[in-house]
Structure formats: structure tokens, C-alpha cells
Amino acid sequence: MPKDIVCAYSTVTERIPPVAHMRYDRQPQCAPAAEPTATAEETSQQEPAVDGYLVQNVQQENRLLAQMILEKHLYENVPYHQCAIIVRNTGAIARIERTLMSHGIPVSSARTLNVLSQEPAVRPFLDALAIAVHLYEQEQDLNSDAHPVSESGISTDIVLSLLQSRLGGATAMDVRRLRQQLRAEELKSGGTRPSDELLLEALYQRPHIAARGADRAVHRIHHVLSAGVKALSQEGATAESVLWALWESSELAHTWRQESLNGEGLNAQRAHRDLDAMLGLFEAASRYTEQMPGASAFQFLNYMMAQDIPMDTLTRTTRVQGHVEILTPALAAGREWDYVYIAGLQEGIWPNTTVRGSLLETHKLTDILDIGLDAARHITPTDRVRQTRHDELRMFATALSRAKKQVRCTAVMSEDEFPSEFFDLVVPGSHEGRTTTEVRRPMTLRALVAELRQWAEQYEQSPEPAHHAIQILRKFNDLGQTRGYIVPGASPDSWWGLSPLSSQGSAFGEEAPIPMSPSRLETVHRSPLEWFVSESRAEAATDASRSLGNVVHELAEQYPHGPGYVLEEQLAQTFQKMNLPDTWETQKIYERAQKMVRKFASYVAELSQHQRELSNVEGSFKVFVPGKTRDALLVGRIDRLEKNQETGRYAIIDLKTGRTAPSQKEKIPRHPQLAAYQVALEAGIGEKLAQGEDSPEARFSGLTSRSGGAFLIQLGTDTKTYREQQQEPLIEEDLWAVELIQQAAELIAQEYFQARHTSAQASGYGIQCKLPEICPLCARGRQVTQ
């Protein structure tokens with residue numbers, strides 16, 4: 001061990017009393033001389049054995065650690081396994097591990113304190129085991145309350161987690177499409193079950209599914225669950241035998257093994273960890289089976305899911321040859337490395353002088369047991385802080401003494417963060433005279449290509465460096481000079497923003513009419529891009545508030561005449577099936593739903609006072625609207641069709657469950673949705689729906705005063721009663737209503753979908769825009785080439 005490390009170690013240890021609970025003051029006998037902070041560019045011959053580096057933020061600290069380790073490995077041929085990073089808390093291990101792995105450095109972290117059941121590779125197999133047990137009990141006609149996995153059987157969260165896990169492999173969009181397809185097929189067959197109930201059935205019965213990603217996920221999980229149910233039916237089935245059946249049927253063993261053998265990289269690292277996690281699961285199952293003979297697979301499942309602390313710590317069994325270890329001082333004790341990097345020497349973090357156990361004052365009990373009652377009475381809060389500081393010094397001394405050649409300490413120095421006193425112990429000096437270290441580009445091929453591309457983009461500002469960068473990139477693209485190796489990111493064909501569009505034609509063809517929904521007509525005129533994203537089902541997942549509107553509409557369809565008490569009874573039953581958590585927020589949602597169904601019941605009861613009668617509910621229609629350049633096909637579904645008893649004309653009623661309502665004076669006279677409904681009525685849809693035709697079709701030929709108007713019935717606003725908003729019947733001069741549909745068809749028939757902002761969205765970089773990530777008018781939505 002070099003003299004500088006010995007002196008640094010002595011500086012720390014001589015501040016620790018040799019006997020606990022005793023004050024021990026003495027001056028260090030060997031203090032390292034004050035030296036200026038070194039830069040990362042010094043060679044190993046010039047570098048001191050103990051040194052420190054200050055950076056501006058945590059991200060730079062992570063990059064600096066990666067830079068120093070890469071330079072040691074590339075310039076001095078130091079094996080990775082001779083380097084170790086020691087941190088105070090396990091929370092810092094994850095962020096450092098991510099940075100090192102992103103730079104291609106193989107890492108072996110000390111994150112062994114994870115609960116085994118929460119490992120990404122293990123959790124899907126436990127979820128599959130839970131579903132398999134549930135299905136097996138159903139097949140055996142057992143009482144589901146005898147061994148419930150949860151109060152309501154298999155929760156939707158388990159099914160969704162399994163579909164999107166490494167076992168299922170489906171994306172969130174795949175799951176959404178699967179829900180929509182299952183729900184559509186259920187409604188087509190006359191059923192009313194929600195998609196939550198249909199998901200579990202789909203996993204076991206494996207229906208024909210058109211969604212490509214979801215189809216693969218459902219079939220794979222179906223195969224795994226079938227193997228699990230079959231294993232459970234075998235005599236003497238145990239948790240270990242069932243898990244083996246699930247694992248073998250998943251066919252992931254070969255996939256993960258190949259990924260782990262492909263060398264270094266993120267996929268190989270993840271495969272190593274996943275295989276280790278599965279070995280830990282089988283070891284836990286084997287141990288449980290031996291300790292609990294005759295225990296069922298369900299009992300093992302409860303045992304695993306009840307673990308809130310790591311009863312079975314996941315230790316690495318597959319060791320990567322040549323890897324950097326990231327660990328805490330406690331785990332580093334008793335081991336040595338040539339080069340040790342001590343990170344995170346921040347004020348308030350290391351040392352952390354917060355007294356342990358201060359909430360329940362457990363330290364008082366330990367003091368009584370250690371030194372007796374009389375001596376424990378004389379221990380003051382200052383003494384406890386001093387004891388805690390001594391513990392921190394011991395950990396720091398342990399970290400220092402792990403190095404055989406060099407120690408590098410890092411910390412952040414900024415306006416809000418400062419290096420701690422421990423940093424000053426090994427690198428003496430005042431904070432005012434210190435400067436931060438410049439973190440250079442990592443010594444990786446990926447970072448080199450990125451820097452060359454940056455210089456190549458600056459041809460006008462710096463033509464000579466840009467020219468050299470372009471020449472090097474050209475060589476990288478020459479397979480003869482790279483010996484057949486394809487340098488990632490070097491070819492312009494792979495650069496984002498430069499590839500041609502995958503499709504430049506209209507989304508609807510050249511001659512086909514443009515389908516248009518009355519409810520989306522306003523969105524088309526506001527922003528065609530927003531309409532396209534919505535129609536592509538790329539919006540955020542539906543929340544509880546939106547689902548509430550669907551519930552109210554379904555009740556209004558099933559019980560169009562009320563009465564109120566029937567609606568409230570059905571609402572209570574429907575709410576139970578929604579599986580919402582029992583929270584105050586759910587109670588508020590339920591109370592709001594009650595108010596809406598009461599308002600609807602009041603509207604139905606007072607319908608005769610409006611001189612109207614019900615003719616149809618939830619009727620679908622299609623109306624062909626010819627245009628000057630593109631024809632439109634108005635495709636809609638109405639909530640209620642009512643007939644005016646005096647004029648005999650039909651009116652369309654749209655139930656609204658939102659919290660806000662448009663202005664009666666400014667918006668309703670030319671409301672796009674109501675206008676589109678009236679155009680459909682002018683085409684004769686009202687008479688056809690009233691006669692009971694299923695999804696009638698018609699052709700609009702002109703305004704002939706056949707419409708009886710259109711109404712919005714506001715149920716979700718804060719008013720005590722419902723609010724009726726009427727758009728007056730169209731007359732022959734109201735061609736604006738037809739033009740709205742024709743112009744909307746022209747807007748979305750183009751090759752591109754326009755992004756539009758209102759005056760309120762024009763400032764603030766699109767803060768109020770619904771699609772800032774892809775909107776070219778927003779700063780966040782600009783292309784990488786802009």
C-alpha cells in the first residue's frame with residue numbers, strides 16, 4: 001500500500017477513539033501534504049496515490065467515474081475487476097451502474113438487497129403461478145374463497161403486469177388494442193362484460209386476436225399457463241415442480257443464455273441478472289419445499305409475496321469476467337482492489353450524523369445493555385452525534401484501506417452542494433480555491449461518433465474541424481477499413497431526421513370518402529394533428545373520470561326511460577365491477593356519478609314538458625356528404641333520438657358528462673357536433689332510425705328543413721339540475737354546417753396533418769398544447785435536425 005494511502009488512512013483512524021463511548025482527542029501523526037487537485041489527464045506515473053475531483057453535478061460525477069475507469073483500462077491495460085467504486089448508500093448504486101453500463105463497462109453491483117419477488121425476471125413467473133392456481137381451482141370446482149389470491153380473485157393489475165413483462169413482451173399500445181378488440185367482440189355478441197373480465201379469459205382460452213403484438217403475448221402466456229395448470233394437476237405437485245413447468249414452457253432459458261453469451265453490453269448484463277434471479281427463485285422454492293413438506297404452490301406464492309424485506313437475498317452466481325464492482329463499505333470489508341473510487345462525499349450524505357433509532361429511542365436500550373444503566377444516563381445528545389460520526393469515520397476508513405495502488409475521491413461542488421469534511425481529510429484545501437474538473441467525452445466508440453457528428457454539423461462555423469470529422473466518418477463507413485465491422489451511428493442512413501418518410505400519400509386513398517365522426521369534427525378544425533393521434537388510439541390511457549362517462553352513457557342506453565331508483569341501483573352494481581380502490585377519491589367519483597344519473601332521470605321525467613318523445617337510443621348511421629374536392633362520410637352514433645310532438649321533426653340529443661359546458665350564446669349556434677347531427681337529420685336519418693333500421697345509410701342532397709334541431713344535455717356540470725342547450729333547426733341558408741364537414745374532410749385528406757395552436761397556445765412554448773412531444777410548434781416537438 002503506498003505511503004499516501006497509509007497517511008490518509010491514519011488521518012481518518014486517529015480521529016476514532018479506540019474505546020467506544022469515550023472521548024479521545026489527539027492530533028494525527030501522519031497527515032498528507034496539501035497538494036493541488038489533479039486533473040484526469042495526468043498519467044499514472046504523475047498521479048498521486050490519493051486524490052480528489054470536484055464536479056458540478058451528480059451526472060458529471062457518474063461520467064467522471066466512467067471516464068477514469070475507461071482511461072485506466074484503455075491506456076494502462078488495467079483489468080476491470082481491479083477497479084471498485086464504493087458509495088455510502090445503496091441508493092447511489094443504481095445511478096452509477098446505469099451510467100457505467102451505458103458506456104460499455106461491465107458492472108457487478110451490490111444491489112443484493114432487492115426483494116426476490118420484485119425482480120423483473122421473477123415477478124412475471126409469480127404472477128403466472130397465481131393465475132395458474134386460480135384457473136386450476138376453477139377447473140376443480142373448488143370454492144374460490146378457500147384460497148383467494150386476492151379479495152376479488154385475480155386482479156387486473158396482475159394480468160396487465162404479466163402481459164407487459166419480459167414473459168409476455170407486449171407494449172402498452174398492444175394491451176390497449178387487445179382491450180378494444182375484446183370489448184368490441186363482446187358487444188358484437190350481445191355481452192356487456194368489461195374488458196377487465198375479458199383479459200383473464202383471453203389468456204386461458206386463447207381467442208383469435210388480430211392485434212399483432214398482443215397476439216404473440218397472449219399465445220405465449222396461454223402456453224405457459226396451460227403448462228402450469230397441467231403441473232398442478234399432477235399428484236404430489238409442489239411449488240418447485242410447477243415453477244419448472246412454467247419456466248420450461250416459456251422457452252426463455254435458451255434466449256437469455258444466448259444473450260448472456262453474446263459478450264458485453266446492456267442485453268448481456270440484463271440476461272446475466274435475469275438468469276441469476278431465476279436461480280434464486282428456484283433455490284427459494286427448493287428450500288421452501290424441503291422445509292415445508294406437503295405445502296402447496298399457493299402457500300409458496302403467499303410466502304414469496306409477503307416478503308417486504310429481502311429474506312432471500314439475490315446474490316450473483318453468474319460472474320462476468322472482468323467487471324467493475326459497485327458496493328458499500330460494509331460489503332467491501334475484507335477485500336482489496338488496485339484502484340478504488342470513493343464517490344458521493346457530500347455534506348450531509350457522507351458523513352451522515354443523524355442519530356440512528358431516534359424515533360423509538362432504541363439507542364437508549366442498547367446503551368443500557370452495553371455500558372449499564374448509570375453510565376447510560378450521562379450520555380448526552382452531543383455524545384450520540386459523536387458516536388454516529390465515529391461510525392461514519394470507520395466506514396470511510398474501510399473504504400480507503402481497500403485500495404492497493406490508488407484512491408480517487410469524488411464530490412459535487414455547486415451553489416447548493418458542497419464536499420464534506422471527509423473529502424477535506426484526504427484532499428486538504430479551502431473550498432474557495434478549488435475548481436471543478438472538466439469531464440471529457442467518454443473513451444467509447446459511441447461517444448466518438450457522436451462528437452464527430454457534432455463537428456460535422458458545424459461546417460459553416462468551423463469548416464476545417466468539420467472537414468476532418470467528415471473524413472473520419474467516411475472511413476468508419478468503409479467496411480474495408482473497419483474489417484467488416486459496422487460502426488453504430490456512423491452511417492447517415494441511421495441518423496434521425498434524415499430518413500425519408502415511410503409514407504407520403506393520403507391516409508384514405510385518392511377516391512374513397514373521408515370518414516368523419518360528428519364528435520371529432522371540432523377537433524379536426526382545431527388541430528388535424530390532434531385528431532389523427534386520437535383516431536390512431538395513441539392518446540393517454542383512459543382514467544377513472546372518463547370511464548365514469550362511459551358508465552353513465554351505458555345506463556342511459558339500458559334504461560332510457562328511468563326511473564331514478566333503478567338507475568342508482570344499476571350504478572351501484574356497475575361500480576362494484578369496476579374494481580376501483582376503496583379511497584375517498586373513489587367515493588367522490590361515485591357521488592358525482594349519482595348526481596349525473598339523477599339529473600338524467602329528472603330529464604327523462606320532464607321530457608313531456610318539452611313536447612318531445614323518445615324514438616331511438618344509441619343508433620348508428622352513415623351519411624354521404626359530397627364535397628368540392630373530397631367527399632365525406634359522416635359516421636356517428638347518437639345517444640337519443642327524440643321526436644317533436646308539435647312539428648313531427650326529429651332531434652338528436654347528446655348527453656354530456658364533462659365538467660364544463662360551451663357558451664350558449666357564443667358556441668352553441670355554430671357548434672360543430674350539433675351541426676353535423678343536423679346534417680344527418682336533413683339526409684333523412686331520423687325517419688330511418690325511428691322505423692327501427694339498424695345502422696341506416698343516407699346521402700345528403702341539401703337542406704330541406706327536416707331537422708328538428710340538436711341538443712346538448714349537460715349532466716356533469718356543477719349545477720343542481722341538468723342543463724339543456726339547443727341549436728336551432730337548420731334552414732336553407734345555413735350552408736356553413738355542410739361546409740364544416742366538407743372542409744374537415746379536405747383537411748385530413750392531405751398528405752400531412754397540420755398542427756395548429758390557438759392564440760392562448762401561441763405563447764409559452766405550447767404549454768397548453770395536448771401534444772407537445774410531437775407538435776412542431778412546440779419546443780419539445782421539434783425534430784433533432786431543427
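Is Gln-611 buried, partly exposed or exposed? At 33% relative accessibility, Gln-611 counts as partly exposed, since buried would require under 20% and exposed over 50%. I shall return to this residue towards the end. Please bear in mind throughout that we are looking at a predicted model.

Let me begin with the sheet. Six strands, in the order β1-β6-β5-β2-β4-β3, make up an open sheet with parallel pairing. At its edges stand β1, residues 50-55, and β3, residues 107-109; each has a single partner strand, so one side of each is left without a neighbour in the sheet. From one strand to the next, the twist averages 20°.

At the β3 edge, the pairing with β4, residues 324-327, runs in the parallel sense over 3 bridges. One residue pair to locate on the screen is Ser-109 with its bridge partner in β4, Ile-326.

Two helices that pack on this sheet deserve mention. Helix α3, residues 91-102, touches β2, β3 and β4, and its direction makes about 165° with that of β4. Helix α16, residues 381-400, touches β2, β5 and β6, with its direction at about 140° to that of β5.

Staying with α3, I would draw attention to Arg-95, which is located in that helix. What is its exposure? Arg-95 has a relative accessible area of 22% and is therefore partly exposed, the limit for buried being under 20%. Setting aside neighbours within four places in sequence, the contacts of Arg-95 are Val-58, Glu-61 and Asn-62. With Val-58, the separation is 37 residues in sequence and 9.3 Å in space, C-alpha to C-alpha.

I turn now to the nonpolar cores. As a general matter, nonpolar side chains in soluble globular proteins tend to be buried together. The largest nonpolar core here contains 60 residues, and those with the most contacts inside it are Leu-129, Ile-131, Leu-163, Leu-281 and Phe-300. Helix α4, residues 123-139, supplies the largest share of this core, namely 10 residues. Taking Ile-131 as an example, and again leaving aside neighbours within four places in sequence, we find it in contact with Ile-154, Ile-158, Val-159, Leu-162, Leu-200, Leu-203 and Leu-225. There is also a second, separate core of 42 residues, which includes Ala-676, Ala-698, Phe-700 and Ala-737.

Next, two helices with a buried face. Helix α19, residues 463-476, has 14 residues and reaches 20 Å from its first C-alpha to its last, close to the 20 Å expected at 1.5 Å a residue. Its buried residues are Ala-466, Ala-469, Leu-473 and Phe-476. Viewed down the axis of α19, these fall within an arc of 75°, so they line one face of the helix. Among the elements covering them is α18, residues 445-457.

Helix α23, residues 564-577, can be checked in a similar way. Its 14 residues should span 20 Å at 1.5 Å a residue, and the end C-alpha atoms are indeed 20 Å apart. Which residues of α23 are buried? They are Val-566, Leu-567, Gln-570, Leu-571 and Phe-575. Down the axis of α23, the buried residues occupy an arc of 165°, so they too line one face of the helix. On the other side of α23, Tyr-565 and Gln-576 are exposed.

Finally, some points of backbone geometry. In general, most residues other than glycine have a negative phi, and most peptide bonds are trans. Against that background, four places merit inspection.

A cis peptide bond joins Gly-562 and Pro-563, with omega about -5°; Pro-563 is in the loop between α22 and α23. Another cis peptide bond joins Trp-350 and Pro-351, with omega about 15°, and Pro-351 belongs to the loop between β5 and α14.

As for phi, Gln-611, the residue of my opening question, has a value near 60°, which is positive although the residue is not glycine. Gln-611 lies in the loop between α24 and β8. Ser-695 likewise has a positive phi, near 50°, and is found in the loop between α26 and β13. With a relative accessible area of 38%, Ser-695 is partly exposed.

Definitions and conventions. Residues numbered from 1 in each chain as written. Predicted model: local features only at pLDDT ≥ 70, side-chain atom pairs only at ≥ 80, totals over all residues. Heavy atoms only, no water. Helix = DSSP H or I, 4+ residues; strand = E, 2+ residues; numbered from the N terminus. Expected span 1.5 Å × (residues − 1). Buried < 20%, exposed > 50% of the residue type's maximum accessible area, 1.4 Å probe, protein only. Arc of directions from axis to C-beta. Pairing = 2+ DSSP bridges. Axes fitted to C-alpha atoms, helices over the stretch in contact; angles between N-to-C directions. Contact = heavy atoms within 4.5 Å. Core = buried A, V, L, I, M, F, W, Y, C linked by side-chain atoms within 4.5 Å.
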